[in-house]
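Here are a few short exercises to work through with the model open beside you. Try each task before reading its solution.

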Amino acid sequence: MTYTSLDELIDRYGENMLIALTDRGDAATGLVDLDTVNQAIAEADAVIDGFLKGRYQLPLSEVPAQVPPLSRAIAIWKMHLYEAPKQIEAEYREAMTQLRDIAKGVILLDVAGVTPKTNSSQGVMTTDRDRPLTQDSLRGWI
């Protein structure tokens with residue numbers, strides 16, 4: 001399951017930008033290269049899954065509204081061969097910050113049927129060793 005699509009990328013960034021980023025052949029076709037877009041989406045989704053897998057069961061039963069914009073921001077950033085414009089860079093960094101917060105549990109995704117993994121223990125658990133110095137073992141020393 002992908003978290004975004006070509007149509008959503010076009011709606012967000014415009015077809016001209018996608019053509020400029022993906023039409024990389026020797027002879028320009030003036031078209032969006034679907035293989036390049038699909039590769040960027042797959043890489044973006046893999047990054048997202050990497051952050052989600054420690055907290056949520058994958059694949060997600062449904063895609064929460066917070067996830068597609070993250071996929072779009074990462075995918076468009078990945079399509080830039082050279083330095084991305086400041087706005088694209090800022091969106092990418094924000095997406096990565098949100099993913100870190102999701103992984104830490106600061107941001108929770110509302111996904112039906114999937115519960116975040118939590119630690120079921122409460123408080124601190126310690127294991128103590130036998131104490132070699134007791135009143136009996138110290139008799140005669142004190």
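**Exercise 1: A salt bridge within one helix**

Glutamate 89 and arginine 93 form a salt bridge, with their closest N and O atoms 3.0 Å apart. Please keep in mind that this is a predicted model.

Task: Work out how far apart along the helix glutamate 89 and arginine 93 are, in helical turns.

Solution:
- Step 1. Both residues belong to helix α5, 4 residues apart.
- Step 2. An α-helix has 3.6 residues a turn, so residues three or four places apart point the same way.
- Step 3. Glutamate 89 and arginine 93 are therefore separated by about one helical turn.
- Step 4. As for exposure, glutamate 89 is partly exposed at 22% relative accessibility, while arginine 93 is exposed at 53%.

**Exercise 2: Salt bridges between helices**

Task: Find which helices are linked by the salt bridge of glutamate 8 and arginine 72, and which by that of glutamate 91 and arginine 12.

Solution:
- Step 1. The whole structure holds 3 salt bridges.
- Step 2. In one of them, the closest N and O atoms of glutamate 8 and arginine 72 are 3.8 Å apart. Glutamate 8 sits in helix α1 and arginine 72 in helix α4, 64 residues apart.
- Step 3. Glutamate 91 and arginine 12 meet at 2.2 Å, N to O. This pair joins helix α5 to helix α1 across 79 residues.
- Step 4. Now check burial, with the cut-off for buried at under 20% relative accessible area. Arginine 72 is buried at 16%, and glutamate 91 is buried at 14%. Their partners are partly exposed: glutamate 8 at 32% and arginine 12 at 42%.

**Exercise 3: The geometry and buried face of α3**

Task: Compare the expected span of helix α3 with the distance between its end C-alpha atoms, then decide where its buried residues lie around the axis.

Solution:
- Step 1. Helix α3 covers residues 34-52, and its 19 residues should span 27 Å at 1.5 Å a residue. Its end C-alpha atoms are 26 Å apart, which agrees.
- Step 2. The buried residues of α3 include Val37, Ala40, Ile48 and Leu52.
- Step 3. Viewed down the axis, the buried residues fall within an arc of 165°, so they line one face of α3.
- Step 4. Among the elements covering these buried residues are α1, α2, α4 and α5.

**Exercise 4: The core**

Task: Which helix gives the most to the largest nonpolar core?

Solution:
- Step 1. The core has 31 residues, and Ile48, Leu52, Ile74 and Met79 have the most contacts inside it.
- Step 2. Helices α1, α2, α3, α4 and α5 each supply at least two residues.
- Step 3. The top contributor is α4, with 7 residues.

Methods
Residues numbered from 1 in each chain as written. Predicted model: local features only at pLDDT ≥ 70, side-chain atom pairs only at ≥ 80, totals over all residues. Heavy atoms only, no water. Expected span 1.5 Å × (residues − 1). Buried < 20%, exposed > 50% of the residue type's maximum accessible area, 1.4 Å probe, protein only. Arc of directions from axis to C-beta. Contact = heavy atoms within 4.5 Å. Core = buried A, V, L, I, M, F, W, Y, C linked by side-chain atoms within 4.5 Å. Salt bridge = Lys/Arg side-chain N within 4 Å of Asp/Glu carboxyl O.
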